[in-house]
Amino acid sequence: MKCVICKQGSTTPGTTTITFERESFTMVVKGVPAEVCDNCGEAYVDGPVACDLLDAAEKLAEAGALVEVRQYVATGTGQRPLRENAIA
Ligand SMILES: [Zn+2]
């Protein structure tokens with residue numbers, strides 16, 4: 001698709017690093033699947049993926065974590081690895 005940020009590039013499948021900040025909690029997730037602009041590098045993450053990341057971030061924040069850095073894991077089995085890791 002056409003990039004809405006720079007309006008010049010087009011996006012191709014790739015990965016990106018997502019950073020969440022919420023009050024005192026920061027979560028960084030590497031290797032998140034996304035459509036990445038070949039011109040400016042803006043990344044577009046799918047809704048379901050973003051929801052999973054947000055769920056994981058909120059659980060960690062509630063548990064009192066301050067900083068979390070992790071690699072995104074897609075199992076393809078319908079499981080939600082980020083959420084399970086957050087509970088563990
Ligand atoms: Zn762009």
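A residue counts as buried if 20 or more other C-beta atoms lie within 10 Å of its own, as exposed if 12 or fewer do, and as partly exposed in between. The exercises below apply this definition to a predicted model.

**Exercise 1. Overall architecture**

Task: Determine how many helices and strands the protein has, and in what order the elements run.

Solution.
Step 1. The protein contains 2 helices and 4 strands.
Step 2. Read from the N terminus, the order of the elements is β-β-β-α-β-α.
Step 3. Of the 88 residues, 18% count as buried.
Step 4. Contacts between residues at least 6 apart in sequence are considered next: 61% of them join residues at least 24 apart.

**Exercise 2. Classifying Thr26**

Task: Decide whether Thr26 is buried, partly exposed or exposed, and identify its contacts beyond its neighbours within four places in sequence.

Solution.
Step 1. Thr26 belongs to strand β2.
Step 2. Thr26 has 17 C-beta neighbours inside 10 Å. The cut-offs are 20 or more for buried and 12 or fewer for exposed; Thr26 therefore counts as partly exposed.
Step 3. With neighbours within four places in sequence set aside, Thr26 is in contact with Thr19, Phe20, Glu21 and Val67.
Step 4. Thr26 and Ala57 are 31 residues apart along the chain, and their C-alpha atoms are separated by 8.2 Å.

**Exercise 3. Lys30 and Val67**

Task: State which exposure class Lys30 has and which class Val67 has, and give the spatial separation of each from a residue distant in sequence.

Solution.
Step 1. Lys30 is located in strand β2, and Val67 in strand β4, which spans residues 67-71.
Step 2. Lys30 has 13 other C-beta atoms within 10 Å and is therefore partly exposed.
Step 3. Val67 has 10 C-beta neighbours inside 10 Å, so Val67 counts as exposed.
Step 4. Lys30 lies 42 residues from Tyr72 in sequence, yet the C-alpha to C-alpha distance is 5.8 Å. Tyr72 is also one of the contacts of Lys30 outside its neighbours within four places in sequence, together with Thr17 and Gln71.
Step 5. Val67 and Val28 are 39 residues apart in sequence, with a C-alpha to C-alpha distance of 8.0 Å.

**Exercise 4. The β1-β2 hairpin**

Task: Describe how strands β1 and β2 are joined, and what is notable about the phi of Glu23.

Solution.
Step 1. Strand β1 covers residues 11-22 and runs antiparallel to β2, to which 11 bridges join it.
Step 2. Within this pairing, Thr15 stands opposite Pro33 of β2.
Step 3. The two strands form a hairpin with 2 residues between them.
Step 4. Glu23, in the loop between β1 and β2, has a positive phi of about 50° although it is not a glycine.
Step 5. Glu23 has 7 other C-beta atoms within 10 Å and is therefore exposed.
Step 6. A further residue other than glycine with a positive phi is Lys7, where the value is near 60°. Lys7 lies in the segment before β1; with 9 C-beta neighbours inside 10 Å, Lys7 counts as exposed.

**Exercise 5. The sides of helix α1**

Task: Establish which residues of α1 are buried, and why they lie on the same side of the helix.

Solution.
Step 1. Helix α1, residues 47-62, has 16 residues. From first C-alpha to last, α1 reaches 22 Å, close to the 22 Å expected at 1.5 Å a residue.
Step 2. The buried residues of α1 are Asp52, Leu53, Ala56, Ala57 and Leu60.
Step 3. These buried residues cover an arc of only 130° around the axis, which puts them on the same side of α1.
Step 4. An α-helix has 3.6 residues a turn, so residues three or four places apart point the same way.
Step 5. The face turned away from the buried side carries the exposed residues Gly47, Pro48, Cys51 and Glu62.
Step 6. After α1 comes Gly64, with a positive phi near 95°.

**Exercise 6. The largest nonpolar core**

Task: Identify which residues have the most contacts inside the largest nonpolar core, and which elements give two or more residues to this core.

Solution.
Step 1. The largest nonpolar core has 13 residues.
Step 2. Those with the most contacts inside it are Ile18, Val29, Val32, Leu53 and Ala57.
Step 3. The elements that contribute two or more residues to this core are β2, residues 25-37, and α1.
Step 4. β2 provides the largest share, 6 residues.

Conventions: Residues are numbered from 1 along each chain as its sequence is written. This is a predicted model: local features need pLDDT of at least 70, side-chain atom pairs count only at pLDDT 80 or more; totals for chains, interfaces and linings use all residues. The expected span of a helix is 1.5 Å times one less than its number of residues. The arc is that of the directions from the helix axis to the C-beta atoms. Two residues are in contact if their C-beta atoms, placed from the backbone, lie within 7 Å. A nonpolar core is a set of buried Ala, Val, Leu, Ile, Met, Phe, Trp, Tyr and Cys residues joined through C-beta atoms within 7 Å. Two strands pair if DSSP finds at least two bridges between them.
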